[in-house]
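These exercises are meant to be worked with the sequence and the model side by side, and each task is followed by a solution that goes step by step.

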Amino acid sequence: MKHISLIACFAIFIGVGCKKNKPKTELEKLPPITQTGANTFGCLINGKAWTPKGFQFKPNFFIIVDPTFQNGNFDLRVYQYSNQKFERINIFSNDIRSIGNYSITPNGFVFVDFRNDFSSCNYLHSIENFSFGYLKITKYDLQNGIVSGEFDCTMYDSAINCDTIKITNGRFDYKL
C-alpha cells in the first residue's frame with residue numbers, strides 16, 4: 001500500500017512538472033487595470049491586443065488634462081509606430097473634470113479617432129464616421145497627477161468603406 005501511495009505521488013509530481021506554459025490570451029497581453037500612475041495603456045482592437053510602441057524619441061502615450069480650459073479638456077493620444085507609419089488612438093473631450101461615466105456618441109462631448117497609416121482606414125471624428133461606447137474615468141487626481149480609466153467603443157466609417165472597428169477592454173493609467 002505504501003508503494004502505491006508513493007507511485008501515485010510521484011506520478012502527480014511528474015504530471016505537474018511537465019505542464020507546458022499556455023500561451024497568453026489576447027486579454028492577458030494587456031497591462032493590468034491600475035490607478036497608480038503606472039503610465040500604461042492597452043486595449044483589444046477587433047480582438048487583438050494593442051499597446052503603445054515604436055517611437056524612440058517622443059512618447060508613445062500621453063494625456064493632457066486642463067480642468068480650466070473649455071469646461072475640462074481631456075486629450076489622450078497613443079501610438080504604434082513602425083517603418084515611418086503609425087496607428088493612433090485619440091480620445092478627447094472638452095467636458096471632463098472628474099471621475100464618472102461618459103458616453104461616446106456622434107453628438108456627444110467625448111470623441112474617439114483611430115488613424116491607421118498601414119491600411120489607410122482613418123476613423124476621424126466627422127459626419128461620415130460614427131463612434132459609440134463609453135469612457136469611464138476611474139481616477140482623476142490632479143493633486144497627485146494621476147488620471148486612470150477604462151473605455152470601449154465601436155467605430156464606423158461610411159465614406160471609405162472600411163471595416164467596423166471594435167475597441168474593447170480599454171484601460172489607461174497615466175502620471176501627469
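**Exercise 1. Strand S4 and its first partner**

Which residue in S4 is the bridge partner of Asp66?

Solution. Before starting, note that this is a predicted model, in which local features need pLDDT of at least 70 and side-chain atom pairs count only at pLDDT 80 or more, while totals for chains, interfaces and linings use all residues. Residues are numbered from 1 along each chain as its sequence is written, and side-chain values use heavy atoms, with hydrogens and water left out.

Begin with the strands, which are DSSP runs of E with at least two residues, numbered from the N terminus; strand S3 covers residues 61-66, and strand S4 covers residues 73-82. Next, check the pairing, which requires that DSSP finds at least two bridges between two strands: S3 and S4 run antiparallel and are joined by six bridges. Within this pair, Asp66 has Asn73 of S4 as its bridge partner.

**Exercise 2. The loop between S3 and S4**

Find what is notable about the phi of Gln70, and state whether Gln70 and Thr68 are exposed or partly exposed.

Solution. First place the residues: Gln70 is in the loop between S3 and S4, and Thr68 lies in that loop as well. The hairpin of these strands has six residues between them. Then read the angle, which for Gln70 is near 45 degrees, a positive value in a residue other than glycine. This deserves attention because most residues other than glycine have a negative phi.

For exposure, the classes rest on relative accessible area, with buried under 20%, exposed over 50% and partly exposed in between (1.4 Å probe, protein chains only). Gln70 has 43% relative accessibility and therefore counts as partly exposed, whereas Thr68, at 71%, counts as exposed. Finally, Thr68 and Arg97 are 29 residues apart in sequence, and their C-alpha atoms are 8.7 Å apart in space.

**Exercise 3. From S4 to S5 and S7**

Work out how many bridges pair S4 with S5, and how many join S5 to S7.

Solution. Start with strand S5, residues 85-93, which pairs with S4 in the antiparallel sense over nine bridges. Two positions illustrate this pairing: Tyr81 stands opposite Phe86 in S5, and Phe74 has Ser93 of S5 as its bridge partner.

Now look at the turn, where the hairpin of S4 and S5 has two residues between the strands and Asn83 takes a positive phi near 50 degrees. Gln84 is also placed in the loop between S4 and S5, with a phi near 65 degrees, again positive in a residue other than glycine. Gln84 counts as exposed because its relative accessibility is 67%.

Continue to strand S7, residues 110-116, which is antiparallel to S5 and joined to S5 by seven bridges; here Ile89 stands opposite Phe114 in S7.

Last, consider burial. Seven of the ten residues of S4 are buried, so S4 is largely enclosed by the rest of the structure, and S5 is largely enclosed too, because seven of its nine residues are buried.

**Exercise 4. The nonpolar core**

Which residues touch the most other members of the largest nonpolar core?

Solution. A nonpolar core is a set of buried Ala, Val, Leu, Ile, Met, Phe, Trp, Tyr and Cys residues joined through side-chain atoms within 4.5 Å. The largest one has 32 residues, and those touching the most other members are Phe41, Phe74, Ile89, Leu135 and Phe172. To follow one of them, take Leu135 and set aside its neighbours within four places in sequence: its contacts (heavy atoms within 4.5 Å) include Phe74, Ile91, Val110, Phe151 and Phe172.

**Exercise 5. The largest pocket**

What is the volume of the largest pocket, and which classes of residue line it?

Solution. A pocket is an open set of points on a 1 Å grid over the protein atoms alone, with protein on both sides within 12 Å along at least five of seven lines, and lining residues have an atom within 4 Å of a point. The volume of the largest pocket is about 170 Å³. Its lining includes Trp50, Glu87, Phe114 and Asp163, and the classes present are six nonpolar, four polar and two charged residues.

How values were computed. 1 Å grid on protein atoms, 1.4 Å probe; cavity = no way out; pocket = protein on both sides within 12 Å on 5 of 7 lines; lining within 4 Å. Points joined across faces, edges and corners; volume = space filled by probe spheres on them. Nonpolar A, V, L, I, M, F, W, Y, C, P; charged D, E, K, R; others polar. Helix = DSSP H or I, 4+ residues; strand = E, 2+ residues; numbered from the N terminus.
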